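Dear colleague,

I am handing over the structure we spoke about, and I would be glad if you could look through it with the notes below at hand. They begin with charged side chains and then turn to strands and surface.

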Amino acid sequence: ELVGHTAAVTAFAFNPDGSYVATSSADSDVRVWQVRSGREIAVLRIHAGAVNDVAFSADGRWLATAGPQAAGIWQTVKNSRWPALPVYLIRGPSPRLDNLAFSPRGWRLVMGWRDGGVRTYDCRLCGTLQQLTKIGRSRLGEIVRANA
């Protein structure tokens, strides 16, 4: 039994290897649990209202959360302290983000809003600040060489 949310659970998702499950709730929290032990390993708080959906990426590196106004993309962590903030917070065209899902063979995240809007987000560049800085410096070097 997974106990911790203080309001209705709205969604849940297993990571690809089935070792973790993430739950979202109307209490505005996302909780991550170890499946074998039932131990809570993280409480993710960034949304200002009910969290309507959760999804793990196909490789298990990312967890997406659908709050009422934005999607959070969190870098997953094994057996350690999870980050206090998501790597990305994607605001939508309108309030009430209801659903999201990662593509099964890629880095694309699709998000659906209550007003019928659907947006995609390409997560190929999702990464830590250090990883993104390395990519940025590499590309900046390519631009400078091309313009020289």
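**Charged pairs, sheet and surface**

D29 is buried, with a relative accessible area of 7%, and I start from this residue in what is, please keep in mind, a predicted model. The cut-off that matters here is 20% relative accessible area, under which a residue is called buried, and the value for D29 falls under it.

Which residue does D29 form a salt bridge with? The partner is R45, and the closest N and O atoms of the two are 3.0 Å apart. D29 lies in the loop between β2 (20-25) and β3 (30-34), whereas R45 belongs to the loop between β4 (40-44) and β5, so the pair ties together parts that are 16 residues apart in sequence. In contrast to the buried D29, R45 is exposed, its relative accessible area being 52%.

A salt bridge also joins the side chains of R31 and E40, with 2.7 Å from N to O. Here R31 counts as buried, at 8% relative accessibility, while E40 is partly exposed, with a relative accessible area of 31%. These two residues do not stand apart from the pair described above, since D29, R31, E40 and R45 are linked in a network of salt bridges.

The structure holds five salt bridges, and one of them is formed by D98 with R96, where the closest N and O atoms are 2.5 Å apart. D98 counts as buried at 13% relative accessibility, and R96, at 34%, counts as partly exposed. As general background, side chains of opposite charge can pair when their charged atoms come close.

Turning to the strands, there is an open sheet of four strands in the order β5-β6-β7-β8, with antiparallel pairing. In this sheet β5 (53-56) and β8 stand at the edges, each with a single partner strand, so that one side of each is left without a neighbour in the sheet. From one strand to the next, the twist averages 15 degrees.

How is strand β7, residues 70-75, placed with respect to solvent, mostly covered or mostly uncovered? β7 is mostly covered, as five of its six residues are buried. Towards β6 (residues 62-66), β7 pairs in the antiparallel sense over five bridges, and the two strands form a hairpin with three residues between them. Within this pairing T65 stands opposite G72 in β7, and A66 stands opposite A71 in β7. β7 is also joined to strand β8 (residues 88-91) by four bridges, again with the strands running antiparallel, and R91 in β8 is the bridge partner of A70.

Finally, on the surface, V9, F12, F14 and V35 make a nonpolar patch of about 410 Å². Of these residues, V9 is found in strand β1, which spans residues 9-14, and V9 is partly exposed, with a relative accessible area of 47%.

When you go through the structure, you might begin with the network that links D29, R31, E40 and R45, and then follow the strand order β5-β6-β7-β8.

With kind regards

Key. Residues numbered from 1 in each chain as written. Predicted model: local features only at pLDDT ≥ 70, side-chain atom pairs only at ≥ 80, totals over all residues. Heavy atoms only, no water. Buried < 20%, exposed > 50% of the residue type's maximum accessible area, 1.4 Å probe, protein only. Pairing = 2+ DSSP bridges. Axes fitted to C-alpha atoms, helices over the stretch in contact; angles between N-to-C directions. Salt bridge = Lys/Arg side-chain N within 4 Å of Asp/Glu carboxyl O. Patch = residues over 30% accessible without salt bridge, like charges linked within 9 Å, V, L, I, M, F, W, Y side chains within 5 Å. Areas by Shrake-Rupley, 256 points an atom, 1.4 Å probe, with all protein chains shown as cover.
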